[in-house]
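Reader: Could you walk me through the vocabulary you use for a structure, and show how each label is earned?

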Amino acid sequence: MKSISRSIPKKDHGEKMRGQAMYVCDCPTEGILFGRMVRSSVPRAKVANVKLPTLPDGYCYVDKNDVPGTNEVLMIVQDTPVFAGETVEHIGDPIGLLCGPDEREVLRLAGEVEIEYEMLEPTFDARESDVVFFDYAYEKGNTAAAFAQADHIFEEDFETGLQEHMCMETNGLIAGSSDGKIHVHGSLQCPYYVHKALVHALGCRPEDVSVAQDVIGGAFGAKEDYPSILACQVAVAAHKAGKPVRVIFDRKEDIECTSKRHPSFCNYKVAVKDGKVTAMEIEVLYDAGAYTTMSPVVLQRGIIGAPGIYNVPNLKVHGQSRKTNNVPNGAFRGFGGPQTFFAVEMMMEHVAKNLGLEPVDFKLAHLAKQGDSTSTGGKYHFPVPIAPMVDAVLKASDYRAKRAAYQNQTGRYRKGIGLSAVFHGGGFTGSAERDLLKSVARLHKDKDGNVEILTANTDMGQGLFVAFTKIVAETLDLPHDKIILTMPNTDRVPNSGPTVASRSVMVVGELIRRAAVRLKDEWKDGEEQTVTEHYKHPEFMIPFDIKTFSGDAYPTYSWAVNAVEVEIDTYTGAIKLVGGWGSFDAGTPIDENILRGQMEGGFVQSLSYGMMEKITAEKGKIRNNTFSDYMIPTAMDLPKLEILLHVEDYPGGPFGAKGGGELPHVGGAPATIAAIENALDTKLGKAPFLPEDVMNHLREVNR
Amino acid sequence: MVKSFAPTTLAEALKLRKAHGLTLYTGGTDLMVEAKEDASYLFLHKIPELKEIKQDAQYIRFGAACTFSDLIDHPLTPKILKEACGQIAAPAIRNIGSIGGNIGNGSPKADSALIFMVTDSLVRLVCEDGERMLPLKEFYLGRKKLALRRDEIIAEVLIPRQNLDNYYYTKVGARNALAISRVAFAGILDVRDGVIRHCATAFGAVSDVILRPAEIDAMLTGKTLTQAKALRQDYLAAIDQVIVPIRGRVGVEYRKDVCLNLVRDFLDVNGI
């Protein structure tokens, strides 16, 4: 490990543990109006009439007619309204916002708003939807010829479900105006996304709006796209009311009405010749929900990773995301990757089994290596360390001996072990870092030699402030307490892009490192100095064309190998996690403890995506909307996870760091399902797989 | 006008109960989920009589305001009850949730109540005018329906002193902590000199109330293990008949399969 990797205490630990951290719900509420959303109770309808109760003085109702700019939330495609227009498209679609000084009275009044609907036919299953939001395809080699010459052709369907972020802190924002400016602050990952959305909805100049982050109690993507919607709503309300307005969701509202991970339906067709996979034909379908939000980029990442970490010479990939009348799905750690990586890892597992081969060996025989072309005809510019990582995980988990021992079990308790190998591409897909984000980062030195880091990036518990502080301190050879870093406010910080896509350390961290190098060169004692750095696209990258899906989708990749061991109780269906091992390569850790924490947390989220987390919805209405109904694992459900760090330095990242945040959430589910398969001696194609599924499976087998 | 009371004697509590009705509150871990703003509560946690654990010739007696942690820590608490209480929620809930509340909430998923059912426990109900004892099975009239009069308070739960050493208990939740039972099964088999002196089973989270098929369990009472073995299929068929799960968060078929698997295992481990 390099010296920078040595862990230091997280800057926010103290105030969070003492209860002093100010979350948006802790902000003083004197003179503030509480807002409660009036939402659609039906999945699809024309809004015929809205009948308001008599509103006492000081109370107001805000809807589409009050939006001073455009009734659109600025995202990738402008179909999400600030407040519903002529129609509502999902249960929970916001129609209006009722605001007033007494929170209980606001709740009561919001409950008395009567909406008259003219019902329209809803669609809940993406496979039955005829509204295609996004359609992408790419090809490589000659799949037709490969299938024509194949010894075997295998075809299978795979499904994954919704996943809810379950942040400890729900979504919440406050908007107010002062000095002729609208200010929005609260729980948000991407201040400049919100800033741009506000300018669009309010129809004002960029300088008329400021956005600031409060302490965030977890995000995982939940606060990437959604706060843009909520910000426009509270800002419109504050604009109309002439007073600050606060909206903080309760848990039920947060689960029922905000974005989740896209459910997926994949079909894989694989050609095998002489024991090797020669071609794959892949169909990917993501359920976008009612509006497009982040669906195009989620789908792009999904189809780029569809053939996994393997060198598949002939490839045909087609992906769609379709509209349904479910809650719009958006950003979630892994961002489209976990779905297709689940499918391809299970497919490779099954093809190996069909051929009578051990899946791990079969996968190793197909690994891409440095210099090989990627799915989109880009290049793996850097080493692919999967083989040594698999080796380390096999040893740590005793995989081979266990796999051999767990054949043909018949007792009550049956054990299984499974392994997956995946990547995650750091940063935005393709050339978006260069063409869309154009990140800017700044360092400011005061006369006393304190250096302030000015970026738009947010710490939501993942440890970004520690990472940024260490990068600048190490480069300038300064003690950590000479580095100043506070929560961003768009009035003060340049746009260094959103805190998403595992990009903050790798991309923005490199910007501030370069700024620090320059500041060190130009350092003048006793003077104020400012250094600004702009994003530079890596020159080695093969230009990416999003129309043809060709070129380098990412400059480099982070890698993960996961093994999971389970024990299944065939009397109750209970799936016990017995062991979890992960080798992760996110380049040089900027702080070893923080990276390990990220890997453990993401691994857990990914395990439970495979065997515990499930949204139960009936006709578009989410039923399990509490912490006691939507299951995530407790400490009592987890074994001690063994986290191994593998380091392949990335020369384009600060101190060799690559993206880390999402990496651990890609491979846990397929490793878990592979372990369940091993225990039950079968093949499975869906995640999550729950105790009820175990019992259904056993009932089928015994029939 | 919403008013709540926290009496320190049982007499005072009964007087308030008779005068105002009130919602009985002993821990509040279920009540606070509902968080009814217009409710008036009668807090019972400050009444010493309701916190006692003792025994007499016939019963082990638990004050209704005893928390799950109180039971876990007490030497008189039978092992089966300790085990069930130890799997309720998490330490913070166990430190405040009470057995009286667990019973009084009227849920078929109540984990301590399952043990009181399988042990054929009684509840002592008190009011200003007197008291009565009721088998817990008769106390439950239906889902959230209790044979508790508007002026009564559950004062005690009485477990008959019997041989409870040979027990079987399994809670199936969606995770290992902070989980409501999806299926729970408890069985007791008292075998002496090769003869079954007592057999009892109870099933939680299946029906509107906890099922306690005493008449079926009676098939095995008085039989030798060999005789019981011969009756195994008849016994299981009879249990199969009474396990008719109502719709819930998890499937009906799933819960039925699990119940029957656990009963079979209960017989298996006892050589029946």
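Author: Here is a run through helix pairs, sheets, a ring pair and some backbone details.

Author: First the ground rules: this is a predicted model, where local features need pLDDT of at least 70, side-chain atom pairs count only at pLDDT 80 or more, and totals for chains, interfaces and linings use all residues. Residues are numbered from 1 along each chain as its sequence is written, chains are lettered from A and ligands numbered from 1 in the order in which they are written, and side-chain values use heavy atoms, with hydrogens and water left out.

Reader: Fine. What makes α10(B) roughly antiparallel to α11(B)?

Author: The elements themselves are DSSP runs numbered from the N terminus: helices are H or I with at least four residues, strands E with at least two. Helix α10 (residues 225-242) and helix α11 (residues 252-269) of chain B pack at about 150°, with axes 11 Å apart. Axes are lines fitted to C-alpha atoms, for helices over the stretch in contact, and angles run from 0 to 180 degrees between N-to-C directions. Under 35 degrees counts as roughly parallel, over 145 as roughly antiparallel, 65 to 115 as roughly perpendicular, and the rest as oblique. The angle is about 150°, so α10(B) is roughly antiparallel to α11(B).

Reader: Which residues of α10(B) and α11(B) make the contact?

Author: With contact meaning heavy atoms within 4.5 Å, α10(B) brings B:R232, B:Y235, B:L236, B:I239 and B:D240, while α11(B) brings B:K256, B:L260, B:V263, B:R264, B:L267 and B:D268. Ala, Val, Leu, Ile, Met, Phe, Trp, Tyr, Cys and Pro count as nonpolar, Asp, Glu, Lys and Arg as charged, and the others, Gly among them, as polar. On that scheme the contact of α10(B) with α11(B) has six nonpolar, no polar and five charged residues.

Reader: Why is α15(A) called oblique to α16(A)?

Author: Helix α15 (residues 592-611) of chain A and α16(A) have axes that come within 7 Å and cross at roughly 45°. That angle fits none of the named ranges, so α15(A) is oblique to α16(A). The contact includes A:F603 and A:L607 of α15(A) and A:I673 and A:I676 of α16(A). Its residues divide into seven nonpolar, four polar and no charged.

Reader: What makes α13(A) roughly parallel to α14(A)?

Author: Helix α13 (residues 464-476) and helix α14 (residues 504-522) of chain A cross at roughly 30°, their axes coming within 8 Å. The cut-off puts that angle in the lowest class, so α13(A) is roughly parallel to α14(A). Among the residues in contact are A:F468 and A:I471 of α13(A) and A:V508 and A:I512 of α14(A). The tally there is 12 nonpolar, three polar and two charged.

Reader: How do you know that the rings of A:F382 and A:Y650 are a pair, and edge-to-face?

Author: The whole structure holds 27 aromatic pairs over all chains. Rings of Phe, Tyr and Trp (its six-membered ring) pair if their centres lie within 6.5 Å; planes under 30 degrees apart count as stacked, over 60 as edge-to-face and the rest as tilted. The centres of A:F382 and A:Y650 are 5.4 Å apart and their planes stand at 80°, so this pair is edge-to-face. It links distant parts of the chain, 268 residues apart: A:F382 is in the loop between α9 (359-364) and α10 (386-397) of chain A, A:Y650 in the loop between β25 (641-645) and α16 (668-680) of chain A.

Reader: Why do β3 and β11 of chain A count as standing at the edges?

Author: Two strands pair if DSSP finds at least two bridges between them. The open sheet of seven strands runs β3-β5-β1-β12-β9-β10-β11 (chain A), with mixed pairing. β3 (60-63) and β11 (209-213) of chain A each have a single partner strand, so one side of each lacks a neighbour in the sheet. The twist averages 25° from one strand to the next.

Reader: How do you know that β1(A) and β12(A) pair?

Author: Two bridges join β1 (residues 33-39) to β12 (residues 245-248) of chain A, and the strands run parallel. A:F34 stands opposite A:R246 in β12(A).

Reader: What makes the bond from A:A687 to A:P688 cis?

Author: Its omega is near 0°. A:P688 sits in the loop between β26 (686-687) and α17 (691-702) of chain A.
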